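I opened my notebook to jot down what I could look up in this one. Here are my entries, in the order I made them.

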Amino acid sequence: MSDFDTLNAILSARYSCRAFLPDDVTQDTITDIAQAAQKVPSWCNAQPWQLTITSGQATDRFRDALFAHALTNAPKPDMEWPSSYIGVYKDRRRACGIQLYGAVGVEKGDHTASAKQMMENYRLFGAPHVAIVTSPAELGPYGAMDCGGFVTAFALAAAAKGVASIAQAAVAAHAPMVRDHFALPDDRLILCAISFGYADADHPANSFRTQREIPDTVIDWNI
Ligand SMILES: Cc1cc2nc3c(=O)[nH]c(=O)nc-3n(C[C@H](O)[C@H](O)[C@H](O)COP(=O)(O)O)c2cc1C
């Protein structure tokens, strides 16, 4: 297998996992994943990412506190949310929503059931671990961009180790609570969480795969 084929196989195998087994990932494996992900480029090699990673009861304490908080508090993210999804972005967003809700049996228009599925974000989808990803506020959008590369590499390195993951903006939406819970400094932006562990492969939430556009849709050749 060529290096490209190997990499492409890992890219194809990764998906956002929304139901996990309770089994822990060893600290050595988590360290290997983070160390591999750190090889991504960053502007000036600043490596702005910082991770707070939970295991065991620390994950459960955070899960319980986050779920209770999200039930009664409006989102207050550190980083501005997209103002709107229009055109193809709206279409793609809707398509993956339909796939998820279809997979878990939520009927169109059943707002109670869709809200219940959405709240699974705040149970970290049952994951035994979560990594909170932060970036120094003064690095602004480029710090966030570097961290985005790190998050993707973390997910791919995890997939290569058989560890499933999901990036979650939903967790970062409750930045003040997350900051208080982990005593994170005010001068770091809480960008997202990565919940991770071993996939519950038989769970319906993990039964679908999202689609991608063909290259000609996203490349404007200028030759
Ligand atoms: C930065 C980022 C934040 C995300 N936040 C959430 C989230 O809060 N909840 C969720 O269910 N999925 C979240 N996702 C997962 C996306 O919905 C998913 O990546 C997308 O639908 C493509 O599907 P795939 O990852 O299975 O290929 C996030 C992904 C990224 C990259």
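**Entry 1: the ligand shell.** I started with the ligand and sorted its shell by class: seven residues are nonpolar, four are polar and none is charged. A note to self before going on: this is a predicted model. Then I wrote down who is in the shell. I found Tyr 15, Ser 16, Cys 96, Asn 121, Ile 166, Ala 167, Gln 168, Ala 169, Ala 170, Cys 192 and Thr 210 around the ligand.

Which element gives the largest share of that shell? I got strand E3, with three residues. I also noted that strand E3 (164-168) and helix H7 (169-172) each supply at least two residues of the shell.

**Entry 2: the sheet.** E3 had turned up in the shell, so to speak, and I wanted to see where it sits among the strands. I traced an open sheet of four strands, in the order E1-E2-E4-E3, with antiparallel pairing. Strand E1 (50-53) and E3 are the edge strands, and each of them pairs on one side only. I looked up the twist too: neighbouring strands here are turned by 25° against each other on average, ignoring direction.

A reminder from class: strands of a sheet pair through backbone hydrogen bonds, either parallel or antiparallel.

Next I zoomed in on one pair. How many bridges join E3 to strand E4 (residues 188-197)? I noted five, and the two strands run antiparallel. As one example, I followed Ala 164 across and landed on its bridge partner in E4, Gly 197.

**Entry 3: two helices.** I read that two packed helices are described by the angle between their axes and the distance between the axes. So I looked up both for helix H1 (residues 3-13) and helix H6 (residues 140-160): the angle is about 100°, and the axes are 9 Å apart. That makes H1 roughly perpendicular to H6. On the H1 side, the contact is made by Ile 10, Leu 11 and Ala 13, and on the H6 side by Leu 156, Ala 159 and Ala 160. I sorted the contact residues by class as well: six nonpolar, no polar and no charged.

**Entry 4: one lysine.** Last, I picked Lys 39, which I found in the loop between helix H2 (27-37) and E1. Is Lys 39 buried or exposed? I counted 9 other C-beta atoms within 10 Å, so Lys 39 is exposed, as 12 or fewer is the cut-off for that. I also checked its C-alpha against the one of Phe 150: the two are separated by 8.3 Å, with the residues 111 apart along the chain.

Methods:
Residues are numbered from 1 along each chain as its sequence is written. This is a predicted model: local features need pLDDT of at least 70, side-chain atom pairs count only at pLDDT 80 or more; totals for chains, interfaces and linings use all residues. Axes are lines fitted to C-alpha atoms, for helices over the stretch in contact, and angles run from 0 to 180 degrees between N-to-C directions. Angles under 35 degrees count as roughly parallel, over 145 as roughly antiparallel, 65 to 115 as roughly perpendicular and the rest as oblique. Two residues are in contact if their C-beta atoms, placed from the backbone, lie within 7 Å. Ala, Val, Leu, Ile, Met, Phe, Trp, Tyr, Cys and Pro count as nonpolar, Asp, Glu, Lys and Arg as charged, and the others, Gly among them, as polar. A residue is near a molecule or strand if its C-beta atom, placed from the backbone, lies within 6 Å of it. Two strands pair if DSSP finds at least two bridges between them. A residue is buried if 20 or more other C-beta atoms lie within 10 Å of its own, exposed if 12 or fewer, and partly exposed in between; C-beta atoms are placed from the backbone.
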